[in-house]
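Me: Please take a close look at the helical chain shown here and at the interior it belongs to, and set the rest of the model around it. I would like one connected account, with a careful word on how far the coordinates can be trusted.

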Amino acid sequence: MRRESTPEQPGLPDNSADASGLEPERSEALAEISRNHYAALVRFLSVRTGSVEDAEEIVQEAFAKMLALDRPGTISFLASYVWRVAVNLAIDRRRQRKLQDQYARSLPQAETREFSAESTVEARERLAIVERAIGNLPARCLEAFMLHVLNGLTFNEVSREMGISGRMAQKHLARALEYLQSCLDSADQIGSAR
Amino acid sequence: VNDRDEESRPIDRWAEAVGWYSTLRAADEKDLTSTVGRAWQDWYADAQNRRVFDDVSRLLAGRDLYRRRSRPRKAELAQDRYDLSIPIAQWLGANPKHETKKRRSPARGWWWLFGGFATAILLMVVTLSPLRFRSNGVQGDSIIYKTEVGGLKEVHLQDGSRITLGGRTKLLVAFSGQRRSINLIDGQAWFRVVHDTARPFIVTAGDGTIKDVGTAFLVTRDSDRVIVTVTEGVVEVSARQRLLISPATDQELTPRPVRAPIRISRSEQLAFGDNGAFGSIMPTDTRDATTWTRGRLTFDDQPLRYVIETVDRYSSRRIVVDPAAGALRFSGIVFADDISEWVQSLAAIFPVTVVQGGAVVWIEMRPPSVVSR
């Protein structure tokens, strides 16, 4: 089973200052920001928007805006600029999307159509593995998972409901998720051994 | 317990990741770029943290796909001997009898996926066109108004329009020279609009947009549907359109409507779901529709799960209804200041059990009773 691919870096200029028309200093600064912040930004925004694809689009747009700055300033200024812009762009998209929509956008785009059937199967298998694993959770871990993940209760509410501390509620969920992931991982291993 | 000594254990990394995930989702926008965002970036810079966090966010991103389940029974909870000290996989290996419990295969999840596949093909067609999509973004100033549980709030907008927000409701107001945009993110609101042909008043909720044609109307945003009720004048409801931006000029293009807007007049109501399905226009009593602004929640033959969603916006304790009980239909009035009484009474009118938890009240279908012979 394939994992979600790491986000591609946007087409930032490398050291070829002549070709890009940028001073070397600036292109180095941009490359550094891209290296240090791109993946983190995409992950961060995917948590907020619920979609990796949306997150990537937003981050690319934010980087494009940063590239368009007349007077870019220091690296730390640029880094915080790109975060601020990305978060602002993400606010617009915070609306929950239809889950079909969400799922559809996790598929490859049109030109790789033949792969989409394959990844549908993968996503389906993945979901089936997780569902089965959820069914195996010990009762209290299952309860924490249900309350927080399926019913959207905060950790505070979960802890009051289960009569444990917030930290313990968090730990129940942590063990549950660790287990779900271990089931996915071992399915991966079996898959690649075949 | 000394936290420092445990720091290297993988489970604590998982617990931290879980905590960060919920913090990021809940954080205010302004904190994301400052305090919260920075602290998270520092934490995420660690390669092992990153790996665990990525796993956690992938698993939790599927939250809408996972099958809804019944709560574990009291007996199951009492018998649970797992104490978190070792990973669950390891523990199950040592206690194999637990695993023999068979659960039904996730039939519902599969159907969603097929639906998703169909949509995927549709989207592929769409992405072939050389247009860039942008969500309904408004660049200028935008203000978020929100209320807590049970809170009602009256907002006077700069154009003279007024909005009444229901309990646990959140909406975003963004005015520009061309339009007055509102995004109802969650909850219910009653809009009384000062008409301005030059600046249409547009409410977005779920996958629909509601455009006023000089009017007052109510919008309720439930978890997977939107209800529009007109109390005065006329509105037009259309499936939501994203802004299309031309890549050449970066100008906004006029989008082709997916379907003709539906006009709803006074005393009419229309519901549309997140699955794109529109209901038909139903006659409704406008007085009933606005009673919530005076602390009375009125329902007419609604599935209990939607009733609970609304009531929950006014209840100090969260109310959770199991899927079977959620399908029961309810008509009647609930007083916002007397919710716990009402929840108790459900056991008398429906075949349900009301279980009082600490922070949560559970409404569960009563198990089929043994017929006495």
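Reply: Read along the sequence, chain A follows the pattern α-α-α-α-α-α-α-α-α, which amounts to nine helices and zero strands. This is a predicted model, and chain A averages a pLDDT of 72, with 66% of the residues scoring at least 70. Among the elements of this chain, helix α7 (residues 139-150) of chain A has the highest mean pLDDT, 92, whereas helix α1 (residues 17-20) of chain A has the lowest, 42. Over residues 1-21 of chain A the pLDDT is below 50, although beyond near neighbours in sequence this stretch has 40 contacts in the model. The pLDDT is also below 50 over residues 95-118 of chain A, a stretch for which the model shows 59 contacts beyond near neighbours in sequence. Where pLDDT is low, the predicted coordinates should not be read in detail.

Of the 194 residues of chain A, 55% count as buried. Its accessible surface comes to about 8700 Å², and 49% of that area belongs to carbon and sulfur atoms. When contacts in chain A between residues at least 6 apart in sequence are taken together, 58% of them join residues at least 24 apart.

The interior can be approached through the largest nonpolar core, which has 84 residues. The residues with the most contacts inside this core come from chain A, namely A:Leu45, A:Phe145, A:Leu177 and A:Leu180, and from chain B, namely B:Trp40, B:Phe53 and B:Val56. Helix α4 (residues 75-92) of chain A gives the most to this core, with 10 residues. Which residues surround A:Leu45, leaving aside its neighbours within four places in sequence? A:Leu45 is in contact with A:Gly50, A:Ala55, A:Ile58 and A:Val59, and also with A:Ala86, A:Val87 and A:Ala90.

Two cysteines of chain A can be placed in the same terms. A:Cys141 has 1% relative accessibility and A:Cys183 has 17%; because buried means under 20%, A:Cys141 counts as buried and so does A:Cys183. A disulfide is a covalent bond between the sulfur atoms of two cysteines, and the count of disulfides over all chains comes to zero.

On the chain B side, B:Trp40, listed among the core residues with the most contacts, is also one of the buried residues of helix α4 (residues 35-44) of chain B, together with B:Val36, B:Gly37, B:Trp43 and B:Tyr44. Seen down the axis of α4(B), these buried residues fall within an arc of 130°, and therefore they line one face of the helix. B:Thr35 and B:Asp42 lie on the other side of α4(B), where they are exposed.

Helix α10 (residues 304-312) of chain B gives another picture, in that eight of its nine residues are buried and the helix is mostly covered. The buried residues of α10(B) include B:Leu304, B:Tyr306, B:Val307 and B:Ile308, and further along B:Glu309, B:Thr310, B:Val311 and B:Asp312.

Chain B as a whole has 12 helices and 21 strands. Buried residues make up 47% of its 373 residues, and the accessible surface of chain B comes to about 19200 Å², of which 53% belongs to carbon and sulfur atoms. Among contacts in chain B between residues at least 6 apart in sequence, 52% join residues at least 24 apart.

Two loops of chain B deserve a look for their backbone angles. Most residues other than glycine have a negative phi, and most peptide bonds are trans. Phi of B:Arg168 is nevertheless positive, near 35°; B:Arg168 sits in the loop between β4 (162-165) and β5 (170-175) of chain B, and at 25% relative accessibility it counts as partly exposed. B:Ser267, which is not a glycine either, has a positive phi of about 65°; its place is the loop between β14 (262-265) and β15 (268-273) of chain B, and at 24% relative accessibility B:Ser267 counts as partly exposed.

As to confidence, chain B averages a pLDDT of 77, and 78% of its residues score at least 70. Among the elements of chain B, β4(B) has the highest mean pLDDT, 94, and strand β1 (residues 132-134) of chain B the lowest, 30. Over residues 1-7 of chain B the pLDDT is below 50, and this stretch has five contacts beyond near neighbours in sequence; over residues 241-257 of chain B the pLDDT is again below 50, with 38 such contacts in the model. The model scores ipTM 0.73 and pTM 0.50.

Methods: Residues are numbered from 1 along each chain as its sequence is written. Chains are lettered from A and ligands numbered from 1 in the order in which they are written. This is a predicted model: local features need pLDDT of at least 70, side-chain atom pairs count only at pLDDT 80 or more; totals for chains, interfaces and linings use all residues. Side-chain values use heavy atoms; hydrogens and water are left out. A nonpolar core is a set of buried Ala, Val, Leu, Ile, Met, Phe, Trp, Tyr and Cys residues joined through side-chain atoms within 4.5 Å. Buried means under 20% relative accessible area, exposed over 50%, partly exposed in between (1.4 Å probe, protein chains only). Helices (H or I, at least four residues) and strands (E, at least two) are DSSP runs, numbered from the N terminus. Contact means heavy atoms within 4.5 Å. pLDDT is the predictor's confidence in each residue, from 0 to 100. The arc is that of the directions from the helix axis to the C-beta atoms. A disulfide is a pair of cysteine sulfur atoms within 2.5 Å. Accessible areas come from the Shrake-Rupley method with a 1.4 Å probe; for residues, only the protein chains shown count as cover.
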